[in-house]
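Biologist: I would like to learn how to read a model of this kind, one feature at a time. Where should we begin?

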Amino acid sequence: MSASAQDAAGKVSKVSTDSSGLLSRLARKLQSRWRTIVIVIPFVWLLLFFLAPFFIVAKISLAELKIASPPFTNMLDWSGDGFPKIRLIFDNFVYLWEDSLYFRTYLNSIKIAAISTFICLLFGYPIAYGIVRSGPVTKQLLLFAVILPFWTSFLLRVYAWMGLLADQGTINNLLIWVGLIDEPIRMLYNEFAVYVGIVYTYMPFMILPLYANMEKLDSTLNEAAADLGSKPSNTFFKVTLPLTMPGIIAGSLLVFIPATGEYVIPDLLGGGNVLMIGRLLYNEFSANTDWPLAAAVAIVLLLLLVLPMTIYQYYQGKATEA
Amino acid sequence: MAAEPSTNDTPWLVADAEPLIRIKGVSKKFGDFTAVNNVNLDIYQGELFCLLGGSGCGKTTLLRMLAGFETPTSGQIIIDGVDMSDVPPYERPTNMMFQSYALFPHMSVEKNVAFGLKQDKVPKDEIAERVHNILKLVELEDFKARKPQQLSGGQRQRVALARALVKEPKVLLLDEPLAALDKKLREQTQFELANIQEEVGVTFVVVTHDQEEAMTLSTRIAVMDKGEFQQIGTPTEIYEFPDNRFVADFIGSANIVEGKVVENDADHVLVSTDLGDIYIDHGQPTTKGSRVWVAIRPEKIQLSKEAPKKAAPNQIAGKVDDIGYLGGMSIYLVRLENGEIVDVTTPNLLRPKNKSQGITWEDDVYLSWEPSSAMLLNK
């Protein structure tokens, strides 16, 4: 009796050790799996929501306009006997190259985005610096103020600017009332309005990365520079500016890239007078229902933005390695 | 950069010597808080002067006022005959070595060191030569192409020193220069720092909270507390002749007892305390009947298991309460009959014949000290 009980107990304990070993092995396996999962998730995300749409758009850009639904020809032609033929049509890209309208629009988009980015940097840099240097309570308040506009709809804010900039808008009325001007200044439906809109809307994207970068900056470095005989202006260019370069690059990319393809701001604030690629793309896609050409416009825009960045990063990587 | 032959190692004793740094009635207030309170100090060419004190005593604020990062609320700082009141940091003849070293992370060692010389528009080949020489002095020639984050703590410390020294300042200010190093490296670097100072002949002003560091390095030490100097003197003066209880207690350790002056003669003072009557020879300025303190350093007390042969002043009996064996020496906590505890340290001069200690717990022991060993403190 006792012997069998012992036996049973021994068996139970044996089983339990076995199962615990199994569990720990499972846990270890899961752990190594977990690492794979962590890496796989972003890959799947990018694949589903970036790469797949990109290839679909690329495919459409190599098709031809057709009065049908969807309004473009198929890449694979099954009309032959059994073997499908792949039809790649580069007409859209040739057309983009030949019609100078597109070239000018791309150039203008990049110009407007670049100037807007520069203005954002010009104002954003001192603002970020001021926030970093302010006291803990003021700092929270100012950061909140930077993010606050996001709580209202983007569209609403752009419409608000229309109200401010219009001939009979707030600013003109105020200036006339004060007596500074007799006739309203034309501020809406031109490039000026587009700059105002883009700089205003994208300013937080410049300030926040700059703030994050400057926050980490050691202020004793400024003291060290001063101690070694460097005047404040020289310290800024030799110490502060190089050390905040990562923030400047991050902020500038965050402003420049979306600004280049901006559609709402040039449409609403620029009226028909400011050529930007986003508007052109919208026109091709919806007014002309020329999906293949619209897709080609988008692909070229993407290449225009991605290629210089990749080249820059490649050389940047080489420079830090050396 | 040859070392100047110093004709006098104690310039502060020379009556008509012109001090390199004059601090006259300097105070610094931050709001209601007085960080530095009306201090006066002269520092002379070639000194290695230490500002010693606990955290918040105002030593760093004083150093930052010398560098020009803080402006005195009142008072005047004169360096080499020039009033520094309106001189910004970048025009002062001082250079600072920061506690965090504050090396520029985006520059190589070489560029860090050359930075100061470039600001002074020194010709290119001269910069190269001076940078080379100073890196040789701190033994970092092989690391000149490295970035600061690729260096060890000790190497960074030497880059910081080189960067400050290469400008050949009249005064080098060092804020806790060794605090970030581990103990072994710190001890080794203490002597290196003193040697470098001797070699270049630049006046050093060092801020430290580490009394050992201050004692090893300095020609003179100013002990600071609550924004004021408690005492200024050579390491020996500070240790053996403290002005007050704070200094006696802060520097090293001391048995301090309160007492009353019962005899006050030209050649001795007798103070009645809980340790009995303490006889101190050499008359010290005090008045009979006044409340005073007596400090006795633990190593100045003799410890013996045998009762003294003849009765004399400064003898007392007790029991060993606790022993701290440090190898080179031992600390004994001796409890007196009235319950007072006295610290005694004794060097372990002889290797014991067997593994048992000579003096052990609960042994009856007798303490005695020379009439010159006790220090009379009026405050």
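Modeller: Begin with burial, in a predicted model. A residue is buried if 20 or more other C-beta atoms lie within 10 Å of its own. In H7(A), 18 of the 25 residues are buried, so this helix is largely enclosed by the rest of the structure.

Biologist: How many of the residues in chain A are buried?

Modeller: Buried residues account for 25% of the 322 residues in chain A.

Biologist: What span should helix H7 of chain A have, and how far apart are its end C-alpha atoms?

Modeller: The general idea is a rise of 1.5 Å a residue. Helix H7 covers residues 191-215 of chain A, so its 25 residues should span 36 Å; the end C-alpha atoms are 35 Å apart, which agrees.

Biologist: Where does the kink in H7(A) lie?

Modeller: At Tyr202(A), shortly before the proline Pro204(A), with an angle of about 45°.

Biologist: What does the secondary structure of chain A come to?

Modeller: There are 12 helices and 2 strands in chain A. Along the sequence, a helix is followed by the two strands, and helices make up the rest of the pattern. The radius of gyration is 29 Å, well over the 20 Å that the globule rule gives for 322 residues, so chain A is more spread out than a compact globule. Its C-alpha atoms fill a box of roughly 115 × 80 × 45 Å along the principal axes.

Biologist: What pLDDT does chain A average?

Modeller: The average is 86, and 92% of the residues score at least 70. Over residues 1-16 of chain A, however, the pLDDT is below 50, and this stretch has 0 contacts in the model beyond near neighbours in sequence. Where pLDDT is low, the predicted coordinates should not be read in detail.

Biologist: How many residues does the contact take from chain B and from chain A?

Modeller: Chain B gives 16 residues and chain A gives 14 residues. On the side of chain B that touches chain A, the largest share, 3 residues, comes from H2(B). By class, that side has 9 nonpolar, 5 polar and 2 charged residues.

Biologist: Which loop of chain B holds Glu168(B)?

Modeller: The loop between helix H4 (153-165) and strand S7 (171-175). Glu168(B) has a positive phi of about 50° although it is not a glycine. With 16 C-beta neighbours inside 10 Å, Glu168(B) counts as partly exposed.

Biologist: And where does Lys226(B) lie?

Modeller: In the loop between strand S9 (220-225) and strand S10 (228-233) of chain B. Lys226(B), not a glycine, has a positive phi of about 50°.

Notes. Residues numbered from 1 in each chain as written. Chains lettered and ligands numbered in written order. Predicted model: local features only at pLDDT ≥ 70, side-chain atom pairs only at ≥ 80, totals over all residues. pLDDT = per-residue confidence, 0-100. Contact = placed C-beta atoms within 7 Å. Helix = DSSP H or I, 4+ residues; strand = E, 2+ residues; numbered from the N terminus. Rg over C-alpha atoms; globule rule 2.2 N^0.38 Å. Buried ≥ 20, exposed ≤ 12 C-beta atoms within 10 Å, placed from the backbone. Expected span 1.5 Å × (residues − 1). Bend = angle between axes of the 7 residues up to and from the residue. Nonpolar A, V, L, I, M, F, W, Y, C, P; charged D, E, K, R; others polar.
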